[in-house]
Amino acid sequence: MRRSALALLGLLALPAAATAQTGPLLGNEPPPERLPEARFAVTPWIGVRIPYNTGGYVVLTDVGDQFSVREERGGATMVGADVEARLRGPVSVVFGGAFATAEQDILTIVDAADETLALSTDGPAMWMAKAGVRVRLPDPIPDNRRFHPSAFITVAPAMVWMDWDDIEGAPDAITGTTRHFALNLAADATTRIGRNGNWALQIGLEDFLTFWDADAIRVRDEALGPGRFGGDSVLIDYDYSQSNILAARLGVSYRFR
């Protein structure tokens with residue numbers, strides 16, 4: 001009788017003992033649908049630069065004419081890559097670069113008589129570079145969904161270069177490159193591809209809040225002024241100092257675990 005009671009107690013204790021031995025280990029394993037942590041990740045991507053308005057400015061010619069101008073930058077194809085290295089917990093450092101092709105811009109010109117003229121002109125190609133911090137937000141609670149994307153937020157100081165096409169016989173002020181400081185803000189959703197978790201699909205939206213170097217762009221606009229507005233010279237007064245350059249992108253990353 002005593003042996004039977006001891007045997008019964010032993011059988012009842014087996015599930016508890018198994019849970020005590022395996023529970024913590026299994027509890028530390030992420031669900032199979034969730035994106036695993038990575039020590040290092042490389043993400044090439046393609047995307048589009050969304051059309052945007054830089055703002056407006058006033059042009060005053062040396063013969064007394066005045067014009068109001070508004071610039072609209074056309075959308076453009078983009079390519080780029082991000083490199084990410086985890087620091088601690090959900091925080092990583094990220095370095096990235098991107099290139100946006102040159103497209104047509106539209107200048108809406110209004111003269112003193114309120115007559116409007118839309119002028120199409122070649123826009124600049126753009127180069128972007130950033131270096132900052134990326135934070136992984138808490139992952140969603142597992143459920144029956146097949147995909148469980150993880151969310152990432154990026155904050156990074158950045159630079160934007162505007163590269164104007166060469167024009168034969170034009171001065172350097174018209175065909176050169178201008179550099180502008182920017183702040184990069186990005187949000188990404190990343191989901192694993194396959195079972196091993198080394199590959200992932202990333203969809204993101206980022207903003208280069210660009211602070212324009214007015215002196216640099218004034219040199220170019222004033223050099224182009226006489227050909228556009230008449231007279232021998234022009235003076236320009238800008239009513240903006242920054243613009244939001246938005247980009248939507250899709251990338252595939254390889255994650256080193």
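These notebook entries record what I looked up on surface patches and aromatic contacts in a predicted model.

**Entry 1: nonpolar patch.** I looked for nonpolar residues grouped on the surface and found a patch formed by Ile46, Val79, Ile193, Trp199, Leu201, Ile203, Leu250 and Val252. Together these residues have about 690 Å² of accessible area. I then asked which strands supply at least two residues of the patch. They are strand 11, spanning 199–211, and strand 13, spanning 242–256. Strand 11 gives the largest share, with three residues.

**Entry 2: Ile193.** I placed this patch member in strand 10, which covers residues 177–193. Is Ile193 buried or partly exposed? Its relative accessibility is 38%, so I recorded Ile193 as partly exposed.

**Entry 3: aromatic pairs.** I searched the whole structure and obtained eight aromatic pairs. One of them joins Tyr254 and Phe256 in an edge-to-face arrangement, with 4.9 Å from centre to centre and 75 degrees between the planes. I checked the accessibility of both partners. Tyr254 has a relative accessible area of 30% and is therefore partly exposed. Phe256, at 37%, is also partly exposed. I noted further that ring pairs link Phe40, Trp199, Tyr254 and Phe256 into a cluster. Trp199 belongs to this cluster and is also a member of the nonpolar patch.

**Entry 4: charges over rings.** I looked up where arginine side chains meet tryptophan rings. Arg220 lies over the face of Trp164, at 3.5 Å from the ring centre. The charged end of Arg249 is placed over the ring of Trp45, at 5.6 Å from its centre.

Conventions: Residues numbered from 1 in each chain as written. Predicted model: local features only at pLDDT ≥ 70, side-chain atom pairs only at ≥ 80, totals over all residues. Heavy atoms only, no water. Patch = residues over 30% accessible without salt bridge, like charges linked within 9 Å, V, L, I, M, F, W, Y side chains within 5 Å. Areas by Shrake-Rupley, 256 points an atom, 1.4 Å probe, with all protein chains shown as cover. Salt bridge = Lys/Arg side-chain N within 4 Å of Asp/Glu carboxyl O. Helix = DSSP H or I, 4+ residues; strand = E, 2+ residues; numbered from the N terminus. Buried < 20%, exposed > 50% of the residue type's maximum accessible area, 1.4 Å probe, protein only. Phe/Tyr/Trp six-rings, centres within 6.5 Å; stacked < 30°, edge-to-face > 60°. Lys NZ or Arg CZ within 6 Å of the ring centre and 35° of its normal.
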